[in-house]
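Subject: Structure for your review

Dear colleague,

Please find the structure below, together with its sequence. My account of what was found in it follows.

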2 protein chains.
Amino acid sequence: MTQAKRLGYLGPAGTNTEQACIAYDSGASLLPYPSISEVASAVESNRVDEGVAPIENSVGGGVSVTLDLLIHGSGLLIRNELVLPITHSLLARQGTEPADVRVIYSHPQALEQCRIYLAERLPNAQPVASLSTAAAVEEMLAAPVTSAAIATERAGELHGACLIERGIEDYPNNMTRFVVLAGSDHPRTGDDKTSICFSFDDDAPGILYSVLGEFAGRNINLAKIESRPTREALGRYIFLVDLEGHREDAVVRAALQEVRRQVSMLKIFGSYPRYAMP
Amino acid sequence: MTQAKRLGYLGPAGTNTEQACIAYDSGASLLPYPSISEVASAVESNRVDEGVAPIENSVGGGVSVTLDLLIHGSGLLIRNELVLPITHSLLARQGTEPADVRVIYSHPQALEQCRIYLAERLPNAQPVASLSTAAAVEEMLAAPVTSAAIATERAGELHGACLIERGIEDYPNNMTRFVVLAGSDHPRTGDDKTSICFSFDDDAPGILYSVLGEFAGRNINLAKIESRPTREALGRYIFLVDLEGHREDAVVRAALQEVRRQVSMLKIFGSYPRYAMP
């Protein structure tokens, strides 16, 4: 009998990341951690086999803590990815009328993703930021005035809050991409992606043009290109690129070798099977 | 006698944006607004002459609400820019010992920018997110347990909080770039920048390579290149580029004309004098 995989994730229970863990491996035993860096430590010290973290949202963009961990942090690699639709629910104590709500709790990203809905339906509610959507439900239940929270339906069930409305997000294609972090990346499958980051010593966007030419000239498709601040100076960036192919494919290996000669820093986050929407 | 310029900004008083307004025009009359979009409305309806908003921070990256306003919102243009060093202060009620602090209030970006300091000096403090650094000071003063706030020194003076420590940010080169928004951009000065954004119908980063070639081939330096999510789908981006030169310079005009033929959307945010650090 094989042991269930131990999956660490950014908790508490009831967050979207917990849903991603269930979608990735419904038989795994799930261990919540209070921060992404503690998820990473748990993987590194073998308290869990793999860790799951959000990396990008179609509305909010890159998830800074996860990207910073890959860029600056540990030696963990991306072993897998998955993409989940994100839906937000309005939750409150039983008997709450939406018109009476004076305070609305949620994570700032969720408040932002429901801004049009809130302006139309709860115009008198004051938004208050929480550290997670699950924490927002707890704060709402403890609040002294009539309040509501934006969270997953499951967070409402876990904490005994009532569902007022489902699917209150402003943009219908709200998707989050999650990565599975582990001590090693994934063997070649033939339909893979590779994530890298690089930066330059000079603030010379001309080098970016040259680097992109290494991929374009070899017909390597890029699935993503994104910039992040270096934290050192305005106008200097770390570029994050997802390319199609495995780092062990000959053409990818050749391109990365050329790129390494042009940049001041190149880090390979790993190669992993390309996620196909079910 | 000339009337003082009326400058709208993202309030309340005591925020970093207020400091930027004073640095931009110390004789202006300053009018705080509760959101960037209300600053924009005030400019459009002529209740203020210009509006000031943060657009980019060296640690946190692009400021989404300001970028979204330029990308999706009104027809306001960038008329000027300025760059200010950002410094965070630890504030508390009189007589508070740092070791006793159990809750630390601030805007999530400020909490993030002081993460190492907080872990070392206030390891037992629970971070709580506020909607602005100035609001954090008010929440701290009203808190039932021993608390502190991260905000500007001026916010502490305005609200009667005590300064515990100055300059608690983790990264020494913490700079924020602010833009001045108005109904028209700035006439040519000979040392200018132009901000644009563009996107593609296909998720084809190969087009980015071709667009960058239009600038590289004309020796137009890029001061910045950044990507933002389109909000429509994962892997599709709006690219934000700041280039050196004025949109009325012949070489810039020619490049933008070629770019417009290759992209599905091109928006010029304006040309304005390049900011020189004092």
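What rotation, and what shift along its axis, superposes chain B on chain A? In this predicted model, the rotation is 180 degrees and the shift along its axis is 0.1 Å, with an RMSD of 0.1 Å. The two copies are therefore related as by a two-fold rotation axis.

The interface

The contact between the chains involves 35 residues of chain B and 34 residues of chain A. On the side of chain B that touches chain A, the elements that give two or more residues are β11 (175-182), α8 (205-216) and β13 (222-229) of chain B. Of these, β13(B) provides the largest share, with eight residues. By character, the residues on this side of chain B comprise 19 nonpolar, nine polar and seven charged. Of the interface residues of chain B, 97% are also interface residues in chain A, so the copies meet through the same surface.

Strands of chain B

The strand β13(B), already named for its share of the interface, also pairs with β14(B), in the antiparallel sense and over seven bridges. Within β14(B), I238(B) is the residue that stands opposite R228(B).

Strand β14 of chain B spans residues 237-244, and it is mostly covered, since seven of its eight residues are buried. A residue counts as buried here if 20 or more other C-beta atoms lie within 10 Å of its own. Strand β12 of chain B, residues 192-199, likewise pairs with β14(B) in the antiparallel sense, over seven bridges. F239(B) in β14(B) is the bridge partner of F198(B). Thus β14(B) has antiparallel pairings with β12(B) and with β13(B).

A helix pair in chain A

Turning to chain A, helix α2 (residues 36-44) packs with helix α3 (residues 64-72) at an angle of about 40 degrees, and their axes are 9 Å apart. Because of that angle, α2(A) is oblique to α3(A); angles under 35 degrees would count as roughly parallel. From α2(A), the residues I36(A), S37(A) and A40(A) meet V65(A), T66(A) and L69(A) of α3(A). The residues of this contact divide into four nonpolar and two polar, with no charged residue.

I should be glad to receive your comments.

With kind regards

Terms used. Residues numbered from 1 in each chain as written. Chains lettered and ligands numbered in written order. Predicted model: local features only at pLDDT ≥ 70, side-chain atom pairs only at ≥ 80, totals over all residues. Contact = placed C-beta atoms within 7 Å. Helix = DSSP H or I, 4+ residues; strand = E, 2+ residues; numbered from the N terminus. Nonpolar A, V, L, I, M, F, W, Y, C, P; charged D, E, K, R; others polar. Axes fitted to C-alpha atoms, helices over the stretch in contact; angles between N-to-C directions. Parallel < 35°, antiparallel > 145°, perpendicular 65-115°, else oblique. Least-squares fit on C-alpha atoms with pLDDT ≥ 70 in both. Buried ≥ 20, exposed ≤ 12 C-beta atoms within 10 Å, placed from the backbone. Pairing = 2+ DSSP bridges.
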